[in-house]
Amino acid sequence: MTFLNFFISGISLGSIYAIIALGYTMVYGIAKMLNFAHGDVIMVGAYVCFYAVARYELNPFLGVVIAMIVCTILGMIVERLAYKPLRQAPSLAVLITAIGMSYFLQNTALLLWSSNPKVFPSIVGRGAFKLFDGELSISHITALTIIACLVIMAVLTLFISKTKMGKAMRACSEDKGAAQLMGINVNATISMTFAIGSGLAAVAGALLCSAYPTLMPTTGSLPGIKAFTAAVFGGIGSIPGAFLGGLMLGVIEIFAKAYISSQLSDAVVFGVLIVVLLVKPAGLLGKMTQEKV
Amino acid sequence: MTMRRLINLKRAEARKIYLTYAVVIVAYIVCQVMSSTKFLSSSMRGMLVPICAYMVMAVSLNLVVGILGELSLGHAGFMSVGAFSGVATAILLQGVIPFAPVRLAIAMIVAAIFAAFAGFIIGIPVLRLKGDYLAIVTLAFGEIIKSILNNFYMGIDSQGIQMSMLSDTTRLLPGGKLIIRGPMGISGIQKIATFPAGAILLIIALMIVFNLVNSRSGRAFMAIRDDRIAAESIGLDITKYKMMAFVMSAALAGAAGALFAMNYSTIVANKFDFNTSILILVFVVLGGQGNMLGGIIAAAVLTILPEKLRSFSEYRMLLYAIVLIVMMLATNNAEIKEFLSRLNPFRRKEA
């Protein structure tokens, strides 16, 4: 039964990674850039949610919605100011700008909210469902995280495959020039992608800090890197890949912590990533692109 | 006409190399004079060795990012391998070699060998990948090295060197000494790294890299960077050349790590994390990929800048971030680029 307990907490952690990884993977798919500031958007979302709930005593779900709105706007502003002028620039320049943006968000948070860790109140309380005479216990936040991830995944898949905007996104990730010729507003589509990714980051931030309740300006960076790894794991640019990669990474991390060594869990996670990339160089569900001369 | 153009190009290249050496040597003399006449504040004097180490790191990463054209996000990993192996060597040799500069030199050589070996082991899987996947795997290796060194224990007693992982089970005999203490790192380091040693290391690194770049192998690196498929089709062994650049870069990073570590009394693995790798990458990108002098200057400026911004206290890292973003936006802005190229006296006249 402990195995099942570990498995469920792994799935829950993995769901958070998956939600964050979705943001990475969508932005990568469409703008072909590694948005290192994504992890810090999570942190901003968590802070907004924290202040809404703990200071202004709003309903936690309203708090999450406010965080989503703030992060969506933040994501669009960041894209407009820092990334849009670099559309034609070499990818390394964009990468450094994204890292600069990450430092900027972290240090702004440090000035606004100080480095003292805040104790984040769980958005659904600290209760748990007890199953099998209490042998299997699933906390409410774990259950909510898994459900939220499934819902987001389903809605996003529908959005991408059925709506006009989703179609535009797919077209842009395929070929920006051709998409523009077809009358798609490429800039608006990219902006929309950042908006969705950042909104999801806010949800991830609230869920992450409900499960691990210490909130600091650097809270987002490690989960950000892990989620980025998850996105690569599943094949960067692929939405089901981000979902699968996130879940697997979460499960591997919890199992490594439980059965191998808690200090070496990060090494195990990254080790598995390397092995996977050796067998499948484009990730689990990634497309291999054939280079032509 | 073409021949002349080629000769001119060669001359421009040579001029750039001599300019780099000249700038480094002049800067060294100026700093040395300033520090001996007490013109430099003590905090600035303390930064001379780290700046040298970062400059060597910038040169070594430039070989991979600028010349070979592969993105590496885990360069601090090699630095930490070098730092730990170098410092451990220096401590082991404390009784054997009393003359500190020789001990430092041997420590840096050992550090370079260890880091080169790490680079070789990591290079085998990494160099099979491409682009962003290669970048993420170097990031992963950087994190793995950090995790392992954080859990690594090594000591010495009368029976030789004892090692253990995760927890201290070295069971040293009485009189033995634990050197590497897992997350506590190494403490009680003798600060034998000096500014002249740093400058010499930088010159050696520049000589190695410039000679490599202007050799058959260096031209192969650039051919691979510019067009991998074309390079392969003319019979270049891609893996061999990539490995050569990667291992050489790791070795230089290892030596720089040893120099860096021996400027402090304590060193921990967490010092060499993802942020350090990024810091070095920023030097390379801001200095211009493939431009050694640019990387060196960027390393100096960006190490001194946060220190000089100290009067802004809590705003300094924010300012640093803004400077970073604005510089990236400015250097990639077409109008500003045009303006800057008009200022450059060495600009080639015809397109």
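Biologist: How do helix 11 of chain A and helix 5 of chain B run, roughly parallel or roughly antiparallel to each other?
Modeller: In this predicted model, helix 11 of chain A and helix 5 of chain B are roughly antiparallel to each other, because their axes cross at roughly 150 degrees and angles over 145 degrees count as roughly antiparallel. The two axes come within 9 Å, and the crossing is left-handed.

Biologist: Which residues make that contact?
Modeller: From helix 11 of chain A the contact takes D266(A), A267(A), F270(A), G271(A), L273(A), I274(A) and L277(A), while helix 5 of chain B brings Y133(B), V137(B), A140(B), E143(B), I144(B), S147(B) and I148(B). Sorted by class, the residues of this helix pair are 10 nonpolar, two polar and two charged.

Biologist: Zooming out, how many residues does each chain put into the contact between A and B?
Modeller: Chain B gives 34 residues and chain A gives 35 residues. On the chain B side, helix 5 (131-150), helix 10 (274-287) and helix 12 (316-331) each supply at least two residues, and helix 5 of chain B provides the largest share, 10 residues.

Biologist: And what classes of residue are on that side of chain B?
Modeller: The side of chain B that touches chain A has 24 nonpolar, six polar and four charged residues.

Biologist: Back to helix 5 of chain B, where L139(B) lies. Is L139(B) buried or exposed?
Modeller: L139(B) counts as buried, because it has 24 C-beta neighbours inside 10 Å and the cut-off for a buried residue is 20 or more.

Biologist: What does L139(B) touch, leaving out residues up to four places away in sequence?
Modeller: With those set aside, L139(B) touches L73(B), G74(B) and F274(B). For a sense of how the chain folds back here, L139(B) and A76(B) are 63 residues apart in sequence, and their C-alpha atoms are 9.5 Å apart in space.

Biologist: Changing topic to the whole of chain B, what is its secondary structure, and how much of the chain is buried?
Modeller: Chain B has 13 helices and three strands, and buried residues make up 42% of its 351 residues. Among its contacts with a separation of 6 or more, 76% are between residues 24 or more positions apart.

Biologist: What about its overall dimensions?
Modeller: Taken along the principal axes, the C-alpha atoms of chain B fill a box of roughly 75 × 55 × 40 Å. The radius of gyration of chain B is 21 Å, which agrees with a compact globule, because 351 residues would give a value near 20 Å in that case.

Biologist: Same questions for chain A, please: what are its helices, strands and dimensions?
Modeller: Chain A comes to 11 helices and four strands, and its C-alpha trace spans about 60 × 45 × 35 Å along the principal axes. Its radius of gyration of 19 Å agrees with a compact globule, since 293 residues would then have a value near 19 Å. Of those 293 residues, 51% count as buried, and residues 24 or more positions apart account for 74% of the contacts with a separation of 6 or more.

Biologist: Within chain A, how do helix 2 and helix 3 cross?
Modeller: The axes of helix 2 (residues 38-55) and helix 3 (residues 60-83) of chain A come within 8 Å and cross at roughly 140 degrees, and this crossing is right-handed. Helix 2 of chain A contributes residues including V41(A), V44(A) and G45(A), and helix 3 of chain A contributes residues including P60(A), L62(A) and G63(A). By class, that contact has 14 nonpolar, three polar and no charged residues.

How values were computed:
Residues are numbered from 1 along each chain as its sequence is written. Chains are lettered from A and ligands numbered from 1 in the order in which they are written. This is a predicted model: local features need pLDDT of at least 70, side-chain atom pairs count only at pLDDT 80 or more; totals for chains, interfaces and linings use all residues. Axes are lines fitted to C-alpha atoms, for helices over the stretch in contact, and angles run from 0 to 180 degrees between N-to-C directions. A crossing is left-handed if the near helix is turned anticlockwise from the far one by less than a right angle, and right-handed if clockwise. Two residues are in contact if their C-beta atoms, placed from the backbone, lie within 7 Å. Ala, Val, Leu, Ile, Met, Phe, Trp, Tyr, Cys and Pro count as nonpolar, Asp, Glu, Lys and Arg as charged, and the others, Gly among them, as polar. The radius of gyration is taken over C-alpha atoms; the globule rule is 2.2 Å times the number of residues to the power 0.38. A residue is buried if 20 or more other C-beta atoms lie within 10 Å of its own, exposed if 12 or fewer, and partly exposed in between; C-beta atoms are placed from the backbone.
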